[in-house]
Amino acid sequence: MRLLTGLVPLVLTAGFALPAYAGTISIDGRGEVTAAPDTAFINSGVTTQGATAREALDANSEAMADLIEALEEAGIESRDIQTSGFSVSPNYVYSDERDENGYSLPPKISGYQVSNSVAVRVRNLESLGQILDRSVTVGANTVNGVTFSVADPSDLYDEARRAAFADARRKAELYAEVAGETLGEIEKIAESQTFDQPPRPMMEAAYARAGDSSVPVEGGELTFSIVVQVEWEIGNN
């Protein structure tokens, strides 16, 4: 009998089948929730001028004391008032004159400027217009904007998470159906948060409540978004 070497015998077994295809599908889902703000942040302060730095500082300190007192009288607690900026700088006067060599003369100090500002947290939005009006009345001549927020957005983000996951599952089931597959176990979940403040007026009545002497303000509507990425196993039916 002749023996053949170097050959691997091939054995076919009854019932043998190739393994079913297994893979993953990764889908992004987005959930979005809107809500009215309940908190505002103001950055305001006083800028003063003086012939000397001392003169400018004294005038500034007096005006800032009046501003802080007015804020506290309006119901703002000390913990919600924080110094956010302070500077002392000279004012220069530039001349077109030149020296005997044709060079421009150096600028001269004509006085000094002092700026002091505070970040203020307003927990009662109904008083926001009055606070802005009162701040300017007592001497605040610098206001660097007003921003709005929700003090505790935890429940809003949880609601957005539910919507984001439902969105991801809906799309994943659609893709699996089209591909002739079924969703299996979840392999991974990852999320990212976004916060937007689109110009959607919703609190214009704040001005009417505050009174005619107040600065008109509108809190608008805030948007809290969650983007979630979910990965599932998939396999043949």
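## Close-up views of the predicted model

**View 1. Strand 2 meets strand 5 through 6 bridges, and the two run antiparallel.** Strand 2 covers residues 39–50, and strand 5 covers residues 142–149. Look for Ala40, which stands opposite Phe148 of strand 5, and then for Ile42, which stands opposite Val146 in that strand. This is a predicted model, in which local features need pLDDT of at least 70 and side-chain atom pairs pLDDT 80 or more, while totals for chains, interfaces and linings use all residues. Numbering starts from 1 along each chain as its sequence is written, and side-chain values use heavy atoms, without hydrogens or water. Helices (H or I, at least four residues) and strands (E, at least two) are DSSP runs counted from the N terminus.

**View 2. Strand 2 also joins strand 4, this time through 11 bridges.** These two strands are antiparallel as well. Within them, Gly50 stands opposite Tyr112 of strand 4. Stepping back, 4 strands make up an open sheet in the order 3-4-2-5, with antiparallel pairing. Its edges are strand 3 (81–93) and strand 5, each of which pairs on one side only. On average, neighbouring strands of this sheet are turned by 15 degrees against each other, direction ignored. Two strands pair when DSSP finds at least two bridges between them.

**View 3. Helix 2 packs on the sheet.** Helix 2 (residues 128–137) touches strand 2, strand 4 and strand 5. The direction of helix 2 makes about 5 degrees with that of strand 2. Such angles, from 0 to 180 degrees, compare the N-to-C directions of lines fitted to C-alpha atoms, for helices over the stretch in contact.

**View 4. Gly111 sits in strand 4, which spans residues 108–122.** Gly111 is buried, and its relative accessible area is 3%. Here buried is under 20% relative accessible area, exposed is over 50% and partly exposed lies in between (1.4 Å probe, protein chains only). Beyond the neighbours within four places in sequence, Gly111 has contacts with Gly50, Ala51, Pro90 and Asn91. A contact is a pair of heavy atoms within 4.5 Å. Take a moment for Asn91: it is 20 residues from Gly111 in sequence, yet their C-alpha atoms are 5.2 Å apart.

**View 5. Asn116 is another residue of strand 4.** Asn116 is buried, with a relative accessible area of 16%. Apart from neighbours within four places in sequence, Asn116 touches Gly45, Val46, Asn60, Met64, Thr83, Gly85 and Phe86. Two of these names return in the next view: Asn60 and Met64 are among the buried residues of helix 1.

**View 6. Helix 1 (residues 53–73) has its buried residues on one side.** They are Ala56, Asn60, Ala63, Met64, Leu67, Ala70 and Leu71. These residues lie on the same side of helix 1 because they cover an arc of only 120 degrees around the axis. The arc is taken over the directions from the helix axis to the C-beta atoms. Their packing partners are strand 2, strand 3, strand 4 and helix 2. Turn to the other side of helix 1 and you will find Arg54, Glu62 and Glu73 exposed. The 21 residues of helix 1 should span 30 Å at 1.5 Å a residue, and the end C-alpha atoms are indeed 30 Å apart. The expected span is 1.5 Å times one less than the number of residues. Just after helix 1 comes Gly75, with a positive phi of about 100 degrees.

**View 7. Helix 3 runs over residues 154–179.** Helix 3 has 26 residues and reaches 37 Å from its first C-alpha to its last, close to the expected 38 Å. To find its buried residues, pick out Leu156, Tyr157, Ala160, Ala164, Asp167, Ala168, Ala172 and Ala176. Gly180 follows helix 3 and has a positive phi, near 75 degrees.

**View 8. Leu222 lies in strand 7, residues 222–236.** Leu222 is buried, with a relative accessible area of 0%. Leu222 and Ala35 are 187 residues apart in sequence, but 5.4 Å apart in space from C-alpha to C-alpha. Across the protein chain, residues 24 or more positions apart account for 82% of the contacts with a separation of 6 or more. The chain has 4 helices and 7 strands, arranged from the N terminus as β-β-α-β-β-α-β-α-β-α-β. Of its 237 residues, 31% count as buried.
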